[in-house]
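Me: I'm new to reading protein structures, and I'd like a close look at a single part of this one. Could you walk me through an aromatic pair and its surroundings?

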Amino acid sequence: MLKVASYNIHKAIGTDRRRNPGRIIEVLNELDADIITLQEADRRFGARAAAIPSLLLEQYSDYRAIPLDVQTDSMGWHGNAILAHKTARITAHDILHIPYLEPRGAVMAQIEVDGFAVSIFGMHLDLSGLWRRRQAAAIVKHAKQYGRDRPTILMGDLNEWSASGGCLNDFGRSYNLVECGRSFHSRGPIARLDRIMHCDQLKVTESGVHDSASSRKASDHLPVWAQIESI
């Protein structure tokens with residue numbers, strides 16, 4: 001059994017418009033997942049420093065950010081990051097270049113948790129529907145390449161407001177979409193922007209949106225999660 005989650009942390013700026021990385025860590029601990037993909041994990045301007053200081057993450061959570069070897073002070077790549085439980089084994093990681101209208105990227109890592117080996121892809125797609133579909137096609141191509149020898153899970157903020165169209169069709173031809181629920185806006189969720197997808201080698205036993213007092217304040221998105229097993 002593997003628990004995964006995806007969370008757009010909005011650069012650690014909460015619904016009260018205050019930056020408070022401690023609240024994000026509180027939500028991460030509540031999730032108690034093995035692997036979490038983050039979006040908007042770095043500050044937007046300047047040196048693009050990590051929204052959650054590495055020392056804070058190390059001291060107050062059971063997670064570590066998978067190093068992407070791109071920017072010294074950043075946690076992610078174009079704001080995309082992957083966290084793994086400290087007991088997990090990281091066997092590979094990479095940044096993915098995808099087509100974009102505004103700066104976008106995706107990240108991947110191959111991770112083993114208690115002998116459960118998976119390829120994880122994290123993403124935050126464009127606001128434009130046309131570019132989302134181009135990005136989805138590029139990520140699917142990368143995922144098939146990296147996921148040849150192990151099961152694959154894709155997670156992130158797809159920015160797709162439609163229930164089943166757009167880039168969901170592109171992902172759906174190769175991967176299964178998990179029904180987690182509405183995750184945006186955290187104060188009154190109306191849209192399923194945050195998604196988890198998986199290959200046919202896996203099955204989902206439980207899934208949902210993490211809605212708590214902390215998560216409603218920490219970001220404008222709620223985290224989504226899934227319990228996953230091998231078939």
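Reply: Happy to help; here is the whole chain in brief, followed by the aromatic pair and a neighbouring residue.

Please keep in mind that this is a predicted model. The protein chain holds 5 helices and 12 strands. Its radius of gyration is 16 Å, close to the 17 Å that the globule rule gives for 231 residues, so the chain is as compact as a globular protein of that length. If you follow the C-alpha trace along its principal axes, it spans about 40 × 40 × 35 Å. Buried residues account for 55% of the 231 residues. Among contacts with a separation of 6 or more, 69% are between residues 24 or more positions apart.

Now for the part you asked about. Two rings can be described by the distance of their centres and the angle of their planes. The count of aromatic pairs in this model comes to 2, and one of them is formed by Trp161 and Phe184. Their ring centres lie 6.1 Å apart and their planes meet at 85°; angles over 60 degrees count as edge-to-face, so this pair is edge-to-face.

Where do Trp161 and Phe184 sit along the chain? Trp161 belongs to the loop between β8 (152-157) and α4 (167-172), while Phe184 belongs to the loop between β9 (176-177) and β10 (194-198). The two residues are 23 residues apart, and the pair links distant parts of the chain.

Are these two partners buried or exposed? Trp161 has a relative accessible area of 53%, and the cut-off for exposed is over 50%, so Trp161 is exposed. Phe184 has a relative accessibility of 17%, and buried means under 20%, so Phe184 counts as buried.

Leu193 is a helpful next stop. Leu193 is also placed in the loop between β9 and β10, and at 3% relative accessibility it counts as buried. Which residues does Leu193 touch, once its neighbours within four places in sequence are left aside? Both ring partners, Trp161 and Phe184, are among its contacts. Leu193 is also in contact with Gly156, Asp157, Leu158, Asn159 and Glu160, as well as with Ser183 and His221. As for Arg182, its C-alpha atom is separated from that of Leu193 by 7.4 Å, with the two residues 11 residues apart along the chain.

To put the picture together: exposed Trp161 and buried Phe184 form an edge-to-face pair, and buried Leu193 is in contact with both of them.

Terms used. Residues are numbered from 1 along each chain as its sequence is written. This is a predicted model: local features need pLDDT of at least 70, side-chain atom pairs count only at pLDDT 80 or more; totals for chains, interfaces and linings use all residues. Side-chain values use heavy atoms; hydrogens and water are left out. Helices (H or I, at least four residues) and strands (E, at least two) are DSSP runs, numbered from the N terminus. The radius of gyration is taken over C-alpha atoms; the globule rule is 2.2 Å times the number of residues to the power 0.38. Buried means under 20% relative accessible area, exposed over 50%, partly exposed in between (1.4 Å probe, protein chains only). Contact means heavy atoms within 4.5 Å. Rings of Phe, Tyr and Trp (its six-membered ring) pair if their centres lie within 6.5 Å; planes under 30 degrees apart count as stacked, over 60 as edge-to-face and the rest as tilted.
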